[in-house]
Amino acid sequence: MKAFLAGAATATATIAIVTGIGGYIWLTADDGGSDAATETTFAAVSRSDALPDVKAHNKIFEKRIEEPIPGVHVAIGYGLANVVVIDAPEGLILVDTLESIRAAEGLLPWLNSMRETTGKPVTDVIYTHNHADHVFGAGVLLDGQDHVPRIWAQAETEARVNEVVGILSPITFKRAMRMFGTYLPDENFENNGIGPRLLSNHSDGFDFIPPTDVIDDYAEVTMAGESLILMHAPGETGDQLAIYLPDRSLLLPADNYYHAFPNLYTVRGTPYRDPRKWADSLDMMSRLGAETMIPHHSQPVLGGDEIHKRLTDYRDAIQFVYDETIRMINAGLTPDEIAEQIKLPPHLANAPYLKELYGRVDFAAKAVFSGTLGWFSGDPADLRPPTPDQQAQLMADLAGGPDALFAAGEASLANGDAGWALILGSQLQRLGDGRAAALRAAAMRELAARETASSVRNYFLTSAAEADGFVLPLASISASPDRMLNGIPIDRFLGILTTNVDAPAVVDKSLSYGFEFTDAQNYTIRINRGVAYLEDGLADDNVGRLTTTTDVFRAIAVQRRNPAKVLVAGDMQVTGSIAGLTTFLGYFNPPLQEN
């Protein structure tokens, strides 16, 4: 029965959780019990100095509490994002809550001091959007106060947070950890472009509290005696909430503005971020005429004229990239050709708040192409190319063999063409050449040294460490409280199984198994000749049935409870044989890991 979990994906069971910024939790469960949080092991990376602009950007994120206008406090540098606290007439309004229990614990003493000094509890919490650095410290920051606050969010936010149990978690976690440089040592790390450093790694816990009050598009509300306008403002995510306090002429633009070129595409990978919607949201915010703007990354902006200029320039940069990309698409250019040619007009490119310190213009253009036309570039050579392995062999043959290919890579690196050296090294890697790793690592370190966008610099450096042998760890949810775990819809747990069915093993099988929950909806997982899917309710042809509560199932799934002991205690029943359950679960593999 230990193979149940095998209960969320065979004898090494898996639950995957991904955050909005790509931070995710990935639990590998085995016979040893639940994982414990471990000290971060940093990658061994050769020194790579950052460019001056990257180093200078650190100053924006120095840890501090600012009060840009009376009664409005912003905590900068306590995590990747800022936290805003509004001292309202009848209580404190907390806007965003950092990315992890660890990050929130660092801010908690100051927030406790605010509660004590003002004599007011936090009466309302607003999540500006679903990204991890804005929602996963809520339980910590509210711990210990008697008053139960309202939790406000856009209507889609909770669903997006619940997608943290997701089928793409194995790859998005790794990509996020590379992008944010989580495992880079301090001497090789500068910043994250929009914040100092992500305080969330494989062993950090999350403490999300679900919203109690949701906003669809627009609402004028009163919180703690303070008038607020909450506006749906799609941009970096589809669920962004912009917040305006008319009595203070204060705008909180969420992540639709920060002191860097916007991340219209993020290398960790997300759904398409529509530039047109982002530009429209900036127009909407600009029309408010705010005198103070506090972004949730970087630092406050003071003065109506300055705010209007920045928001206008920001939207113009986004609109320019979109329009220019569409013009070049219509001219028949491919994504790579567009990326090579597109440049912001000088007045935008030279604006300090539009430097490519986080997003990149060329990446944004490629995202617009893909979001508009899909993967095919228009070049017929892309339609039926040789496989990547075949291309590697053909390139080696053309060069005169692996030795010549390696020599060409070394020569390219020596001549300052690190990008080509990386390509040649990657071809060698596909051929299984032992010299490839060192060549690739050297090329990526050189590319990192030239890069201004923190996400790209960190990705290169972390990938270089991996080429040298560093292994990114898998994360654990063991440090997250039960209230976080039990807030995840049960179908997210079951849904992971369907994507990871062992198709070759079941291509000739048709059967189903029932999952009966005494406190929630029941489900059937059906296998039909290589495909598995989740059905509502209990099917009549189920070969067996597992009956328990959703909380018990979640606890088993993350190995907080032993399934055999749960059975003996009577907290779970199996209708049909135990062997039938384990056989059924044995048809599902753990999610595949990146090679």
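Q: Hi! How many bridges join β19 to β20, and do they run parallel or antiparallel?
A: There are 4 bridges between β19 and β20, and the two strands run antiparallel. Strands here are DSSP runs of E with at least two residues, helices are runs of H or I with at least four, and both are numbered from the N terminus. Two strands pair if DSSP finds at least two bridges between them.

Q: Good to know. What kind of model is this, and how are residues numbered?
A: It is a predicted model, where local features need pLDDT of at least 70, side-chain atom pairs count only at pLDDT 80 or more, and totals for chains, interfaces and linings use all residues. Residues are numbered from 1 along each chain as its sequence is written, and side-chain values use heavy atoms, with hydrogens and water left out.

Q: Thanks! Which residue stands opposite L546 in β20?
A: That's V574. On the β16 side, L546 of β19 is the bridge partner of F515.

Q: And how do β16 and β19 run, parallel or antiparallel?
A: Parallel, joined by 4 bridges. With β17 (residues 523-528), β16 (residues 510-517) pairs in the antiparallel sense over 6 bridges. F515 stands opposite Y523 in β17.

Q: What's the strand order in the sheet?
A: It goes β18-β17-β16-β19-β20, an open sheet of 5 strands with mixed pairing. The edges are β18 (531-536) and β20 (572-575), each pairing on one side only. On average, neighbouring strands are turned by 15° against each other, direction ignored.

Q: Which strands does helix α20 touch?
A: Helix α20 (residues 550-557) packs on the sheet and touches β16, β19 (545-548) and β20. Its direction makes about 110° with that of β19. Contact means heavy atoms within 4.5 Å, and angles run from 0 to 180 degrees between N-to-C directions, with axes fitted to C-alpha atoms (for helices, over the stretch in contact).

Q: What about α22?
A: Helix α22 (residues 578-585) packs on the sheet too, touching β16, β17, β19 and β20, and its direction makes about 110° with that of β16.

Q: Switching topic: at what angle do α14 and α15 pack?
A: About 155°, with the axes of α14 (residues 418-430) and α15 (residues 436-449) 8 Å apart. The two helices are therefore roughly antiparallel (angles over 145 degrees count as such).

Q: Which residues make that contact?
A: Among them are A418, L422 and L428 of α14, and A436, R440 and L447 of α15.

Methods: Angles under 35 degrees count as roughly parallel, over 145 as roughly antiparallel, 65 to 115 as roughly perpendicular and the rest as oblique.
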